Number of protein chains: 2
Amino acid sequence: MASEGFRPLDEKSLVEYIKATPSLSSKLGNELDDLQIKEVGDGNLNFVYIVSSPSGSLVAKQALPYIRCIGESWPMTKERAYFEAVTLKEHGRLCPDHVPEVYHFDRVMSLIGMRYLEPPHIILRKGLIAGIEYPLLAEHISEYMARTLFFTSLLHRTTTEHKRAVADFCGNVELCRLTEQVVFSDPYKVSPHNRWTSPYLDRDVEAVREDNALKLEVAELKSMAQALIHGDLHTGSVMVTSDSTQVIDPEFAFYGPMGFDIGAFVGNLILAFFAQDGHADQENDRKAYKDWILRTIEETWNLFHKKFTALWDKHKDGSGEAYLPTIYNNPQLQLLVKQKFMKDLFHDTLGFGAAKMIRRIVGVAHVEDFESITNAGKRADCERRALDFAKMLMKERRKFQGITEVVSAIHKLHS
Amino acid sequence: MASEGFRPLDEKSLVEYIKATPSLSSKLGNELDDLQIKEVGDGNLNFVYIVSSPSGSLVAKQALPYIRCIGESWPMTKERAYFEAVTLKEHGRLCPDHVPEVYHFDRVMSLIGMRYLEPPHIILRKGLIAGIEYPLLAEHISEYMARTLFFTSLLHRTTTEHKRAVADFCGNVELCRLTEQVVFSDPYKVSPHNRWTSPYLDRDVEAVREDNALKLEVAELKSMAQALIHGDLHTGSVMVTSDSTQVIDPEFAFYGPMGFDIGAFVGNLILAFFAQDGHADQENDRKAYKDWILRTIEETWNLFHKKFTALWDKHKDGSGEAYLPTIYNNPQLQLLVKQKFMKDLFHDTLGFGAAKMIRRIVGVAHVEDFESITNAGKRADCERRALDFAKMLMKERRKFQGITEVVSAIHKLHS
């Protein structure tokens, strides 16, 4: 979008632009005949002009559709200016003392007009190199971080506001990718972009690329175990015959934690288990059926584990960007990554499964498994056992090493 | 959107709709004169019609702008049908054996036409209540979960594909909120929607509402510590004077982990620390300045901690949905929540900080702190010490109890 009408500015055309833009010319006291203009963009990405008149000043910052320091060979959306402007305005609203005011934003031109931070302002890095102390720095920067992070998080925002903003900023994907690449990926693999103080650090750089423990940690920081989940995968969302299984009703679908789906299914099987005593009668004590449910719980996780890791093995050199094959480049490390991922997913599954169980006993929507037990006292006994198990599972989930231990715990509690 | 042209269907108008819709009428062999129609929506939300002709069948499912089982008093976007249709198609493409085929989707009408899962298909929950074993269930459902979760995750997808899809599904916010409310919130507080087998479980339900450990766990499952972060908060993105601090250049902004920003700042201060020896000369050994940097690191975190938790305290009864005041309803629990959150954020900060340090030494973009040390051997010494510290910090970050320990570790390593 917004490429029609875009043109890169220079000192001369910038003056014309300012003259045609009241929100900028007013900041210069409308004294536009003798403007001083200096290009100072020493950063990596953009062109930055300081503009001053006898009675005012401003900065004009324009993004071009490539990374300035590398050149047109590394294209980069100029839409980044939009996300910068939105963030400057949002963070500025939350913390006006430490964010320069935005006077003007032109999305077509990818141009931000903003406050010129006049001397003695210098870039902090330069001050640090020069050995200058800043007595208020910690106070100021902590104020900035505390206010901007708190007020844009779910600690302050409603889910609706938060999701809307998350969706908008998903549009900043090119710069997110760049971050992922240069922070979490390239330094841990051979990449033509990497630089280091050679030859002094040649061995050190190699050691980084060979450090399995380090690579495991960095993957955890980068990766979010999210996928398009069904969102409501309980036993009422599955239709079955003895040889067919059909999953229906994914209207709660979202990109969320995988354990949410697996936990929903397993948790509802556990509910079905605890309800069986309420359905037992003279004719059928349901003992064999309870065993089948437990076996099915165990098999479901074990088969999921097997299938999921097999897919991972098969596609390990595919396009997925969570664990790049050039970083996770030896069988031992790939095994460690998978083990860690699957262990975390297992504990997520138990946690979500427990949450799903609890809400079906004390929340708004109950399950037919229990509701169809007509004797309320009997029903309550079944429900209480399920509730107690779920509470334990939620709180102790990280102590379970595998699904067999979970099934044993259900069995023990219930035998 | 899409409310113009919407009308709720009944048996009669559905026939007219099918006659006008080739993708549906063809599934009925175009034998439309003697259609059998049965409304079977026993679910909570929608209207579901089974339509059959002598030579075919289908299901027509329509979402109305409220929750069916509660009535028009609980409005709910009918756009949910869009997310259901998209997910059915996407999951169906990935796992056609276990997801019913979609024949038709009409966004304006919130209407999905899809395969009728003919008998003996029944809802799994009903089979479980009846005590029926399904020998292939674990095999099938694990196949469904493994394929749909793997192929829509970053394990398989590029960041670009993933972000685009995440943004789209952020639109399903009303149903996500509903999930949050009924799964993670209402069961843990007094809510008019809650139901339980009363009076038998009255005490049990109360115990759930008073179980601090349980509420801590459920919050972790629900909450994501995300906010609108700057995305590139190193010391080159901050302008300073002795009494002013200005944060600039947030073009990498996204909704991401808070520790990413705090870690970027702290990590770059640590880089500045390790570079000082390269800038020391006869006149100034930089010892006092190194102490100031360490103090500033310590103060930055401590002040952030203080300010952030103060904001949290001040707004604890505000609109934020991460920790609802009606659940986290006693001072002791609020303290525990904050301690856990801040501890996790601290360890995130150390991890992200370390990642930011490493990439500045071996990745594409270096920092002037080191680059301005002209003697390459001297520079490499400084860089190696910073690199070794960062590697240790990344791997051992969870062992640090507080920022003082981190500063001590830097000091010890460097004295």
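How many disulfides does a search of the whole structure find over all chains? The count is 0. Keep in mind that this is a predicted model.

**The cysteines**

A disulfide is a covalent bond between the sulfur atoms of two cysteines. Take A:Cys170, which is in no disulfide: the nearest cysteine sulfur belongs to B:Cys170 and lies 5.3 Å away. A disulfide needs the two sulfur atoms within 2.5 Å, so a pair at 5.3 Å doesn't count. A:Cys170 is also buried, at a relative accessible area of 8%. Over in chain B, Cys95 is tucked away too: B:Cys95 is buried, with a value of 3%.

**Chain A as a whole**

Chain A is built from 15 helices and 12 strands. Its radius of gyration is 29 Å, while the globule rule gives 22 Å for 415 residues, so the chain is more spread out than a compact globule. The box filled by its C-alpha atoms, taken along the principal axes, is roughly 100 × 50 × 45 Å.

Even so, 61% of the 415 residues in chain A are buried. Looking at contacts in chain A with a separation of 6 or more, 64% come from residues 24 or more positions apart. As for the surface, chain A exposes about 16,300 Å², and 50% of that comes from carbon and sulfur atoms. The chain carries 50 positive and 57 negative charges, and the mean positions of the two sets are 3 Å apart.

**Two residues to click on**

Start with A:Gln246, which sits in strand E11 (residues 245–247) of chain A. Leaving out residues up to four places away in sequence, A:Gln246 touches A:Ser237, A:Val238 and A:Met239, plus residues of chain B including B:Asp97, B:His98, B:Arg115 and B:His121. This glutamine is buried, with a relative accessible area of 3%.

Now for B:Lys287, found in helix H11 (residues 287–314) of chain B. Is this lysine buried or exposed? B:Lys287 is exposed, because its relative accessible area of 55% is over the 50% mark.

Here's how far each of the two lies from another residue of its own chain, C-alpha to C-alpha:

| Pair | Apart in sequence | Apart in space |
|---|---|---|
| A:Gln246 and A:Ile410 | 164 residues | 27 Å |
| B:Lys287 and B:Lys306 | 19 residues | 28 Å |

Note on methods. Residues are numbered from 1 along each chain as its sequence is written. Chains are lettered from A and ligands numbered from 1 in the order in which they are written. This is a predicted model: local features need pLDDT of at least 70, side-chain atom pairs count only at pLDDT 80 or more; totals for chains, interfaces and linings use all residues. Side-chain values use heavy atoms; hydrogens and water are left out. Helices (H or I, at least four residues) and strands (E, at least two) are DSSP runs, numbered from the N terminus. The radius of gyration is taken over C-alpha atoms; the globule rule is 2.2 Å times the number of residues to the power 0.38. Buried means under 20% relative accessible area, exposed over 50%, partly exposed in between (1.4 Å probe, protein chains only). Contact means heavy atoms within 4.5 Å. Accessible areas come from the Shrake-Rupley method with a 1.4 Å probe; for residues, only the protein chains shown count as cover. Lys and Arg count as positive and Asp and Glu as negative; His and the chain ends are not counted. The place of a charge is taken as NZ of Lys, CZ of Arg, CG of Asp or CD of Glu.
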